[in-house]
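Biologist: Please take me through one pairing of strands at close range. Then work outwards from there, through the sheets and the helix contacts.

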Amino acid sequence: MKLLLTAALIGGLLATAPAIAQNARLGYVPTEDHPVGQASRHFAKLVEEKTGGRIKIETFGNGVLGSEPDMQASVQAGFIDIMVGPTPNLVGVVPEFMIYDLPFFYKDFAAVDAVMDGEVGERLFSLLKEKTGIVGLAWWDNGFRHMTNAVRPVKTVEDMAGLNIRVIPNPLFIATWTALGTNPTPLPWPELYAALENRAVDGQETPYALIYTARFYEVQKHLVKTGHVYTPFVLLASQKWFGSLSEEDKELVLEAANESAAFQREISRKSAEDLEQELIAKGFEITEPTPEALAAMRERVAPVVKEYSEKIGVDVVEQAEAAMAAIAAQ
């Protein structure tokens, strides 16, 4: 009888005891002042506030926890709890993520958001979890990608001919830049600045925020507003960590992730507007192709879009096109 009473007492104490904090580590490659760094800290703050301190997230920027592919492997294995990275690194396990690598596919941010926040975004996160166990928490902004180089101004597709351009180690990026007449050179992000400085490559293609925070204005002169690809960032969690949370805390983390996405997209897109003038002040000469020049670039990559639409899944591409058409009609 005493044993039963003791067990009941202990059980009652445990039931009323506060939950143990479930700390997590969040890694990202951009600098701490980049919109990803700002939003990572905002997400961590929201999670701690919403869970009453049960979950604390420590953030690590500047690639301290490894490159994006390394962190992705660590998140999948459960060694790192949360990460932020761009979608091209996911195409090796979920080819459908190439929907965000198709060149000249997205007209504007409204089109992008319609795809990310709609059925296509949900479908991709579902496939990611099914194939890797990685949990997609939110879609963040990475902006439209533009090309820079240290050789000459670029106004037309003919001006690109022969330039050695660093690209993400991704088959679709390589095919795109081959079609545009350049010599694409796959390189990991941490090696890029030195390669530009040493002229191992002539140029690169990334969004404004990365061009600025990586100080490419020190080693590049010309920027052309191609806006050729929109690449999202994704906030990802390991199943080991996320699955250990209570159902209530899972909902609170997802709520914080959605709020952080709105925060991150706003500062990222506002930052891109401001950064154009900053990049000019830092010495960049910026050119903007005419609609005819952009049409010529789009024509060059049309066979690539067709080939990779089949690899992605024509149904996924059509689903994305329908989402963009619906938002454009509003």
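Modeller: Start with strand S5 (residues 146–149) and strand S8 (residues 203–206). They pair in the antiparallel sense, over four bridges. Take Thr148 as a marker: its bridge partner in S8 is Gln204. Keep in mind that this is a predicted model.

Now widen the view to the sheet around that pair. Six strands form an open sheet, and the order is S7-S6-S8-S5-S9-S11. The pairing in this sheet is mixed. Strand S7 (183–186) and strand S11 (285–287) are the edge strands. Each of these two pairs on one side only. On average, neighbouring strands here are turned by 25° against each other, direction ignored.

There is a second sheet to set beside it. This one is also open, with five strands in the order S2-S1-S3-S10-S4, and its pairing is mixed. Strand S2 (57–60) and strand S4 (135–140) stand at its edges. Each has a single partner strand, so one side of each is left without a neighbour in the sheet. The average turn between neighbouring strands of the five-stranded sheet is 25°, direction ignored.

Look inside this sheet at another antiparallel pair. Strand S3 (residues 82–86) and strand S10 (residues 233–237) run antiparallel and are joined by five bridges. Val84 is a handy marker there, as it stands opposite Leu235 in S10.

Two helices cover parts of this sheet. Helix H2 (residues 35–50) packs on it and touches strand S1 (24–27), S2, S3, S4 and S10. The direction of H2 makes about 170° with that of S2. Helix H5 (residues 119–132) lies across S4 and S10. H5 runs at about 145° to S4.

Go back to the edge for a moment. Phe60 is found in strand S2. Its C-alpha atom is separated from that of Gly27 by 4.8 Å, although the two residues are 33 apart along the chain. Leaving aside residues up to four places away in sequence, Phe60 touches Arg25, Leu26, Gly27, Tyr28 and Leu65.

Next come the helix pairs. Two packed helices are described by the angle between their axes and the distance between the axes.

H2 has a helix partner as well as the sheet. The axes of H2 and helix H10 (residues 247–281) come within 9 Å and cross at roughly 155°. An angle over 145° counts as roughly antiparallel, and that makes H2 roughly antiparallel to H10. The crossing of H2 and H10 is right-handed. On the H2 side, the contact is made by Pro35, Val36, Gln38, Ala39, His42, Phe43, Leu46, Val47 and Lys50. On the H10 side, the residues include Leu252, Val253, Ala256, Phe263, Ile267 and Ser271. By class, the residues of the contact of H2 with H10 divide into 12 nonpolar, six polar and three charged.

H11 takes part in two contacts worth a look. For the first, the axes of helix H6 (residues 171–179) and helix H11 (residues 291–312) come within 8 Å and cross at roughly 155°. That makes H6 roughly antiparallel to H11. The crossing of H6 and H11 is right-handed. H6 brings Pro171, Leu172, Ala175, Thr176 and Ala179 to this contact, while H11 brings Arg300, Val301, Val304 and Tyr308. The contact of H6 with H11 has seven nonpolar residues, one polar and one charged.

The second partner is helix H12 (residues 314–328). The axes of H11 and H12 come within 5 Å and cross at roughly 105°. H11 and H12 are therefore roughly perpendicular to each other. Ser309, Glu310 and Ile312 of H11 make the contact with Val314, Val316 and Val317 of H12. By class, the contact of H11 with H12 has four nonpolar residues, one polar and one charged.

Finish with the whole chain. Its secondary structure comes to 12 helices and 11 strands. Along its principal axes, the C-alpha trace spans about 90 × 40 × 35 Å. The radius of gyration is 22 Å, which agrees with the value near 20 Å that a compact globule of 330 residues would have.

Conventions. Residues numbered from 1 in each chain as written. Predicted model: local features only at pLDDT ≥ 70, side-chain atom pairs only at ≥ 80, totals over all residues. Heavy atoms only, no water. Axes fitted to C-alpha atoms, helices over the stretch in contact; angles between N-to-C directions. Parallel < 35°, antiparallel > 145°, perpendicular 65-115°, else oblique. Left-handed = near helix turned anticlockwise from the far one by under 90°. Contact = heavy atoms within 4.5 Å. Nonpolar A, V, L, I, M, F, W, Y, C, P; charged D, E, K, R; others polar. Pairing = 2+ DSSP bridges. Rg over C-alpha atoms; globule rule 2.2 N^0.38 Å.
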